[in-house]
Amino acid sequence: MPMSALRSLLSIGAILLLGACTGVPEGVAPVGNFQIDRYLGKWYEIARLDHRFERGLSDVSAEYRLLPDGSIEVINRGYSAARGEWKEAVGRALPIGDQTVGSLKVSFFGPFYGGYHVAALDETGYRWSLVVGPSRDYLWILARERSLPPGVREQLVDTARRLGFATDELIWVTQDRPDA
């Protein structure tokens with residue numbers, strides 16, 4: 001195989017691989033009528049599936065702020081009791097396709113983006129959301145307050161279960177630090 005053909009094949013493979021990182025899990029549909037300006041601001045993490053970049057953190061929050069170029073600054077923050085300190089990651093998000101659909105791509109590592117898909121949302125008050133990543137390994141329940149009423153929690157867990165997520169593995173995030 002000529003070197004130029006091999007390079008083209010590798011480039012196509014890399015593009016497909018990076019695109020798969022922003023995809024939506026099969027059977028999950030991001031919400032429509034999404035209004036990013038209402039989604040901006042601070043969200044508290046109520047529950048999540050475990051993953052290495054948040055492992056051991058409590059009092060996790062995410063803040064979304066519109067930047068002049070139209071992108072969204074994402075500031076994720078959580079407390080590590082083991083280290084006795086706050087951990088913070090700053091990233092950038094961009095809409096994927098139609099801006100009225102709750103799908104974003106988020107990057108904390110240069111050109112590498114991951115999918116951020118709002119699968120359920122309190123469309124009246126934007127008080128809670130169910131967010132999924134590019135696969136069923138990523139799930140977050142977020143709220144504007146540090147806790148959710150039990151009925152809303154159950155509703156979101158039921159929705160996630162129906163979508164095929166391992167809800168028995170959810171980590172319920174402690175939100176009790178006054179400096180959060």
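The exercises below treat two loop residues and the nonpolar cores of a predicted model.

Residues are numbered from 1 along each chain as its sequence is written, and side-chain values use heavy atoms, with hydrogens and water left out. In this predicted model, local features need pLDDT of at least 70 and side-chain atom pairs count only at pLDDT 80 or more, while totals for chains, interfaces and linings use all residues.

**Exercise 1.** Determine where Asn 33 is found and whether Asn 33 is buried or exposed.

*Solution.* Start with the elements, where helices (H or I, at least four residues) and strands (E, at least two) are DSSP runs numbered from the N terminus. Asn 33 is found in the loop between helix H1 (3–20) and helix H2 (36–39), and its phi is near 55°, a positive value in a residue other than glycine. Next, apply the cut-offs: buried means under 20% relative accessible area, exposed over 50%, and partly exposed in between (1.4 Å probe, protein chains only). Asn 33 has 53% relative accessibility, so Asn 33 counts as exposed.

**Exercise 2.** Carry out these steps for Tyr 126, asking which strands flank its loop.

*Solution.* The loop that holds Tyr 126 lies between strand S6 (112–121) and strand S7 (128–132). The phi of Tyr 126, near 50°, is positive in a residue other than glycine. With a relative accessible area of 2%, Tyr 126 is buried.

**Exercise 3.** Find which element gives the most to the largest nonpolar core.

*Solution.* A nonpolar core is a set of buried Ala, Val, Leu, Ile, Met, Phe, Trp, Tyr and Cys residues joined through side-chain atoms within 4.5 Å. The largest has 20 residues, and those touching the most other members include Leu 130, Ile 141 and Phe 165. Strand S1 (41–48), S6, S7, strand S8 (139–143) and helix H3 (150–162) each give two or more residues to this core, and H3 gives the most, with four.
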